[in-house]
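Me: I'm new to reading protein models and would like a close look at one part of this one. Could you walk me through a sheet, strand by strand?

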Amino acid sequence: MKIICRFGVFMLLAVLMDCSDNDDKIRFEGIILTDGSGSPIGTKGTRDLNDWKQDSALPREIMELMDFDHKEDLSNTDYAIIDNRGYPNPCSDIGFVNFDIAGGPCLLKVVVVDEDFKMKYRSAHVTGSTNHGFDFSDNSRFPDQSVVRVYYSFSQKDDENFYVGHGDFWICRSTICE
């Protein structure tokens, strides 16, 4: 009887530990699917209403990733109205984010993370409207059927991170994306 009870306790602990590990993983759900020009063609999962939009704020952990040294001069930057979209989605090797900036220029910071929250890419530069391309062709860094999240932040000389947001890219190299 003691053996059965110990085995039961062991199994319960194993299940609880497995659940807690899964809770630590970031879930990127509700991906907006787009064609080659960025027009929406559907969603994968329940739509994330903030995908490729302005978030009111980003979590502290994300803002810490955005807090890296850059050599950009902010003296000629200015406030802007920003519109953006990621395309194509899903993508196989290359994904783009079109940042349409009315006003500015602004400091754009970009960080890309995987679902294990490992940073895959980051950059910072002063820009006006721009198409920012991402090379997802390295299968060891960006496996087929994986999802990455692009976090972005815009700053100007008197207002750091006045516009922040995120969007997801679904990497799909197979002919059937599931």
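How many bridges join strand S6 to strand S7, and do they run parallel or antiparallel?

Reply: Sure! Keep in mind that this is a predicted model. Eight bridges join S6, which covers residues 106-114, to S7, which covers residues 119-127, and the two strands run antiparallel. If you want one pair to look for, find Val110: its bridge partner in S7 is Ser123.

Now follow the chain from S6 into S7. Together they make a hairpin, with four residues between the strands. Have a look at Phe117 in that turn, because its phi is positive, at about 65 degrees.

Next, the other neighbour of this hairpin. S6 also pairs with strand S9 (residues 147-156), again in the antiparallel sense and over eight bridges. Here you can pick out Val112, which stands opposite Val150 in S9.

Let's zoom out to the whole sheet. Five strands make it up, in the order S3-S10-S9-S6-S7; the sheet is open and the pairing is antiparallel. At the edges sit strand S3 (53-55) and S7, each of which pairs on one side only. Going from one strand to the next, the twist averages 25 degrees. One handy thing to remember while you rotate the view: in a regular strand, side chains alternate between the two faces of the sheet.

Now for a residue worth stopping at. His166 belongs to strand S10, residues 159-170. Is it buried or exposed? His166 has a relative accessible area of 7%, so it counts as buried, the cut-off being under 20%. Its side chain makes polar contacts with two aspartate side chains: that of Asp48 at 2.8 Å and that of Asp55 at 2.7 Å. Setting aside neighbours within four places in sequence, His166 is also in contact with other residues, including Trp52, Lys53, Arg149, Val150 and Tyr151. You've met Val150 already: that's the residue in S9 opposite Val112.

Last stop, the cysteines. Cys106 is buried, with a relative accessible area of 0%. You might wonder about disulfides, but the count comes to zero, given that two cysteine sulfurs would have to lie within 2.5 Å. Take Cys91, which is in no disulfide: the nearest cysteine sulfur belongs to Cys172 and is 9.2 Å away. Cys91 is at 1% relative accessibility, so this residue counts as buried too.

Technical notes:
Residues are numbered from 1 along each chain as its sequence is written. This is a predicted model: local features need pLDDT of at least 70, side-chain atom pairs count only at pLDDT 80 or more; totals for chains, interfaces and linings use all residues. Side-chain values use heavy atoms; hydrogens and water are left out. Buried means under 20% relative accessible area, exposed over 50%, partly exposed in between (1.4 Å probe, protein chains only). A polar contact is a pair of N or O atoms within 3.5 Å; within protein, one must be able to donate a hydrogen and the other to accept it, and residues adjacent in sequence count only if both atoms are side-chain atoms. Contact means heavy atoms within 4.5 Å. Axes are lines fitted to C-alpha atoms, for helices over the stretch in contact, and angles run from 0 to 180 degrees between N-to-C directions.
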